[in-house]
Amino acid sequence: MSQLDDWSGKIALSCQELNTLETLWVFGYGSLMWKQGFPFTETKPCYVKGFKRRFWQASTDHRGTPEYPGRVVTLVPDEKCITWGCAFKVKDEHKEAVIKYLDIREKGGYSQTVAPAYDKDGKQVAKVLLYVGTSDNKAYVHEPSDEETAEIISKAEGPSGRNVDYLLKLVHAMEINKIYDEDPHVKELMKLVQGKVKEGLSTHENRLAEPGATLFENSSEACD
């Protein structure tokens, strides 16, 4: 078993600042945007400062295998950037269980982080819990080219499904929350992956070849 594959019995690294939060808001910028897996009472599109979203985290336990790791998103520090996502408010009675669930879910190289999140008007929504795959974790991929990343996304598949579906669902969640145009990296990867997998896509999936089209017929997975 490779070192990259060995996540068994692991959980995400903890952050002491989490204990200072009076109310738990969880910030999703990847799969949490469409598949939360925990109860919440309120959600808001918002952004965090000082990070850029990148498909620089290798995935052997969700969207790839140890033999062919997929690529999922993490946040990379960059003072000039902001990253849009959705924040989910959790009831106090569910706080402990939700953190425990997320710590296991995000065990593949991610660490707890606390940061302020802001709405479209620049007003602080709350301090939020987010999970970041930092550059010192063993699954971090150091500055790959978009072309290389797109090639992997177009081919990888793991226990949670095809890597390309992860990208498609992320794009869909960003579109319905009207934040897709805020992320040129995701848009560029989408363009590259479309070119690589278009011939293998079903008629339904090929709707994505049209500007502004989405994978799903309805918006039931929206964050709003």
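**Entry 1. Terms and model**

I take a residue as buried under 20% relative accessible area, exposed over 50%, and partly exposed in between. The model I examined is a predicted one.

**Entry 2. Overall make-up**

I looked first at the secondary structure and found 4 helices and 7 strands in the protein chain. Reading along the sequence, I noted the order β-β-β-α-β-β-α-β-β-α-α. I then checked burial: 53% of the 224 residues of the protein chain count as buried. For the surface, I recorded an exposed area of about 11,200 Å², of which carbon and sulfur atoms supply 48%. I also looked up the sequence range of the contacts. Among those in the protein chain between residues at least 6 apart in sequence, 73% join residues at least 24 apart.

**Entry 3. Strand E1**

I turned to strand E1, which covers residues 24-28. How many of its residues are buried? I found 5 of the 5 to be buried, so the strand is largely enclosed by the rest of the structure. In a regular strand, side chains alternate between the two faces of the sheet. In E1, I saw Leu24, Val26 and Gly28 pointing one way, with Trp25 and Phe27 pointing the other way. The residues of both sets are all buried.

I next asked which strand pairs with E1. The partner is strand E3 (residues 70-90), and the two run in the antiparallel sense over 5 bridges. For one residue I traced the bridge itself: Gly28 of E1 has Cys86 as its bridge partner in E3.

**Entry 4. Salt bridges: Glu151 and Lys196**

I counted salt bridges by the rule of a Lys or Arg side-chain nitrogen within 4 Å of a carboxyl oxygen of Asp or Glu. The count comes to 11. One of these joins Glu151 and Lys196, whose closest N and O atoms are 3.0 Å apart. Why does this pair tie together parts that are apart in sequence? Glu151 lies in helix H2 (residues 146-155) and Lys196 in helix H4 (residues 184-197), so the pair links parts that are 45 residues apart in sequence.

I checked the accessibility of both partners. Glu151 is partly exposed, at a relative accessible area of 27%. Lys196 is also partly exposed, with 31%. I further noted that these two residues belong to a network of salt bridges, in which Glu147 and Lys155 are linked with them.

**Entry 5. Salt bridge: Arg162 and Asp165**

I then looked up Arg162, whose side chain meets that of Asp165 in a salt bridge at 2.8 Å, N to O. The side chains of these two residues are also listed as joined by a polar contact of 2.8 Å. I placed Asp165 in helix H3, which spans residues 163-176. Is Asp165 buried or exposed? Asp165 has 17% relative accessibility, and because buried means under 20%, Asp165 counts as buried. Arg162, by contrast, is partly exposed, with a relative accessible area of 27%.

**Entry 6. Salt bridge: Lys187 and Asp181**

My last pair was Lys187 and Asp181, whose side chains meet in a salt bridge of 3.0 Å, N to O. Lys187 is partly exposed, with a relative accessible area of 34%. Asp181 has 60% relative accessibility and counts as exposed.

Conventions: Residues are numbered from 1 along each chain as its sequence is written. This is a predicted model: local features need pLDDT of at least 70, side-chain atom pairs count only at pLDDT 80 or more; totals for chains, interfaces and linings use all residues. Side-chain values use heavy atoms; hydrogens and water are left out. Buried means under 20% relative accessible area, exposed over 50%, partly exposed in between (1.4 Å probe, protein chains only). A polar contact is a pair of N or O atoms within 3.5 Å; within protein, one must be able to donate a hydrogen and the other to accept it, and residues adjacent in sequence count only if both atoms are side-chain atoms. Contact means heavy atoms within 4.5 Å. Accessible areas come from the Shrake-Rupley method with a 1.4 Å probe; for residues, only the protein chains shown count as cover. Two strands pair if DSSP finds at least two bridges between them.
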